[in-house]
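This report goes through a protein model from its overall make-up to selected local features. Please have the sequence and the coordinates open while reading.

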Amino acid sequence: MDARGTVMSRSECNDGLAFMILPFLPASNLFFPVGFVIAERVLYMPSMGFCILVGYGFHLLSERWSRKMTWCCLGVLLLTHSIKTYNRNADWESEYSIFMSGLKVNQRNAKLFNNVGHALESEGRFEEALQFFHKAVSVQEDDVGAHINVGRTYNHLKMFKEAEQAYLKAKSLLPKAKPGESYQARIAPNHLNVFLNLANLISKNATRLEEADLLYRQAISMRSDYTQAYINRGDILIKLNRTKEAQEVYERALLYDSTNPDIYYNLGVVFLEQGKASQALAYLDKALEFDPEHEQALLNSAILLQELGRPELRKIARERLLKLLAKDETNERVHFNLGMLAMDDRNTDEAENWFRRAVHLKQDFRSALFNLALLLADDHRPLEAAPFLNQLVKYHPDHIKGLILLGDIYINNIKDLDAAENCYKRILQLDPINIQGLHNLCVVYVERGKLLQAQDCLSHAHELAPGEEYIGRHLQIVQTRINRLRQTPDGSREKEIAFADYDPEEFGGTAGAAAGGNVELSLGKNIVNSNSESSSSSSQQADLLREDTLDVPYANDNKQKTVLPHQPLKQQPEPGPIQADGDPVFLESESTNNLQSFDAAAPAIDSIAHKPKYRVEGGSSSKPPLAAATHRDEVASVTRGTSHQLSDGSLHHTPHPSSQHLHRPAATIGQDLDDPSSGMS
């Protein structure tokens, strides 16, 4: 029956069927291969017509041939197609096998080569993937997505120069803007990834951040709702210390995506950078409102809650950290921050347990090693602390506070003056005007009986820090002993040692450098069988009474900000001081080696104090990441001061330098975006 309702004859139906089939024969892939591919799922509906055609043919043949012969033909047809279906199932074993089966019948389709490359890339076989992406480029030179894939794979292989060239090639293939026409309407949205990937690549070079910012602005100008570009640009602006502009960029991104938890999280990081902790916490909580499982928001909001110092808020912080721990028990920073919470609650046993777990998970965890050692030392277990300090200086030989504490243990507990001296000389190599290290080195000279050298050493320290009264008092004590020795008969061993020759540059920290060598840091004697008592066993101790005075504050107590573009962004806490028997303690963050101490009491006549008191090193090198869909690596921490009770009852305020701030590129520093348009849909 035709469109007018007229009944058509069988011959007319056959003619009409042939008329419909003939136009599709050139694209049927039966006579010669075509240049495109079609996903099998889109052939399900068209196959219904083929099935109807088979049924209609069976009806015609059954009328003209014998019915038995017709059934035999249908059986052969079903058998051959069943075998073909069975064999085809093997091609669907993996993405790689299905796309390789396509290449067996079609070698001129760039999307097939791209898809094979994607399959290999997902398995980490980047070198093999690169070959297929290059083949896609050779088949279709103007395939922007293929060039993006080549650049991304080069980036995975750390071949950054080649990656940049590939991205630049892809960028050159984008349609050029014409006067009066909208560029946004003339470019595939996925191709805009080339701007992000190229910007992420060049932003690894701190001198090219402005260039990266320009690329992000170009992408935004082409597509005003390109949230990914806003997020990444905000990270660049933070690295350029333009936090106000970063705030405006993130706020604009919220206009297009007001439910994106990563944007709220990044705004929290911005306010942390600006020192606005309460506003930062509000945005971190907002991120958790949209995504209660947002790991970085959980971690950094917990740290900020801890910083507020209120017991009820510490309880919430603990709940958030335990929630993170349930998701990933191998996250050493969660263990560490739980330890810091326990320190705030004065629960030293629990804190020790968490710190030990953190060190077990990460052997070079700087803050966990120092805080664990400090905790043990404050708990009168210095011999247990020493191995962790040795481990600390092994991985972080520039950790000044660790070296000072280790030197103190060597003097007071292990009785290894050689090892203590090496510790203090190492400190002076790192910082020639470090008063703590210099003063304690002078004490080593006193312990050895080298009074003349100790006198000049203390004089040098007094010149560097004339305001530190205890150095002057110690200098007077040494001078008094020297005057007494001068009145004794010559020839005594004590007098010979006291007035022995010495190198005046030794305690200035410049002799080793001038000679072009380094002072080898000896870890000292085996401490297993050492006496753990703090009193001296040497004969010199009869005349030299020790007291637990404190070292002076580190001279160069300057804040520093370090940007580490590839590190996941986490936050570290700076807990309140942990007091042990009324002694002040030290607070340190991973980004600084500033050891602060104070003179706790005036020394008795004819005595020198050298034992430093420490405060807990607050925070790991983790910080809050700027949020984005695929990658996290930002950090922020809080700056605060600490009050210490001095011997005269006054309070001395020492601001603590903030931890380094790391910023997470919102999606792709070190992790490029894919181009879905370059593969089969």
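The text below covers the whole chain, then two helices, then several loop residues and one surface patch.

**Basis of the values**

This is a predicted model, in which local features need pLDDT of at least 70 and side-chain atom pairs count only at pLDDT 80 or more, while totals for chains, interfaces and linings use all residues. Residues are numbered from 1 along each chain as its sequence is written, and side-chain values use heavy atoms, with hydrogens and water left out.

**Whole chain**

The protein holds 27 helices and four strands; these are DSSP runs numbered from the N terminus, with helices being H or I of at least four residues and strands being E of at least two. Of its 681 residues, 49% count as buried. Buried stands for under 20% relative accessible area, exposed for over 50%, and partly exposed for what lies in between (1.4 Å probe, protein chains only). The accessible surface comes to about 32200 Å², and carbon and sulfur atoms make up 54% of that. Areas were computed with the Shrake-Rupley method and a 1.4 Å probe, and for residues only the protein chains shown count as cover.

Among contacts with a separation of 6 or more, 69% join residues 24 or more positions apart. A contact here means heavy atoms within 4.5 Å.

**Helix 13**

Helix 13 spans residues 261-273, and its 13 residues reach 19 Å from the first C-alpha to the last, close to the 18 Å expected at 1.5 Å a residue. The expected span is 1.5 Å times one less than the number of residues. Helix 13 is mostly covered, with 13 of its 13 residues buried. Its N-terminal end is capped by Asn260, which has a side-chain oxygen 2.9 Å from the backbone nitrogen of Asp262. Just after the helix, Gly275 takes a positive phi of about 80°.

**Helix 22 and its flanks**

Helix 22 (417-430) follows the loop that holds Lys415. Its 14 residues should span 20 Å at 1.5 Å a residue, and the end C-alpha atoms are 20 Å apart, which agrees. Of these 14 residues, 10 are buried, including Ala419, Cys423, Tyr424, Ile427 and Leu428. Charged side chains are also on that list, among them Glu421, Lys425 and Arg426. The cover over the buried residues includes helix 21 and helix 23.

At the start of helix 22, a side-chain oxygen of Asp416 comes to within 3.3 Å of the backbone nitrogen of Asp418. In the loop between helix 22 and helix 23 (435-448) lies Asn434, which is buried at a relative accessible area of 0%. The Asn434 side chain reaches two backbone nitrogens, that of Gln436 at 3.2 Å and that of Gly437 at 2.8 Å. Such polar contacts are pairs of N or O atoms within 3.5 Å; within protein, one must be able to donate a hydrogen and the other to accept it, and residues adjacent in sequence count only if both atoms are side-chain atoms.

**Positive phi outside glycine**

Two lysines have a positive phi although neither is a glycine. The table sets them side by side.

| Residue | Phi | Loop | Relative accessibility |
|---|---|---|---|
| Lys158 | about 65° | between helix 7 (144-156) and helix 8 (160-172) | 62%, exposed |
| Lys415 | about 60° | between helix 21 (400-414) and helix 22 (417-430) | 23%, partly exposed |

**Two further loop residues**

Arg242 sits in the loop between helix 11 (227-239) and helix 12 (243-256) and is partly exposed, at a relative accessible area of 23%. Leaving out residues up to four places away in sequence, Arg242 touches Glu210, Asp213, Arg233 and Leu237. Its C-alpha is 9.7 Å from that of Val270, 28 residues apart along the chain.

Glu506, in the loop between helix 26 (493-498) and helix 27 (511-514), is partly exposed at 22%. The C-alpha atoms of Glu506 and Leu441 are separated by 10.0 Å, with their positions 65 residues apart along the chain.

**A nonpolar patch**

Which residues make the nonpolar surface patch of about 290 Å²? Leu61, Trp65 and Met69 form it. Leu61 belongs to helix 2 (residues 44-64) and is partly exposed, with a relative accessible area of 31%. Patch residues have over 30% relative accessible area and no salt bridge; like charges are joined within 9 Å, and nonpolar side chains (Val, Leu, Ile, Met, Phe, Trp, Tyr) within 5 Å. A salt bridge is a side-chain nitrogen of Lys or Arg within 4 Å of a carboxyl oxygen of Asp or Glu.
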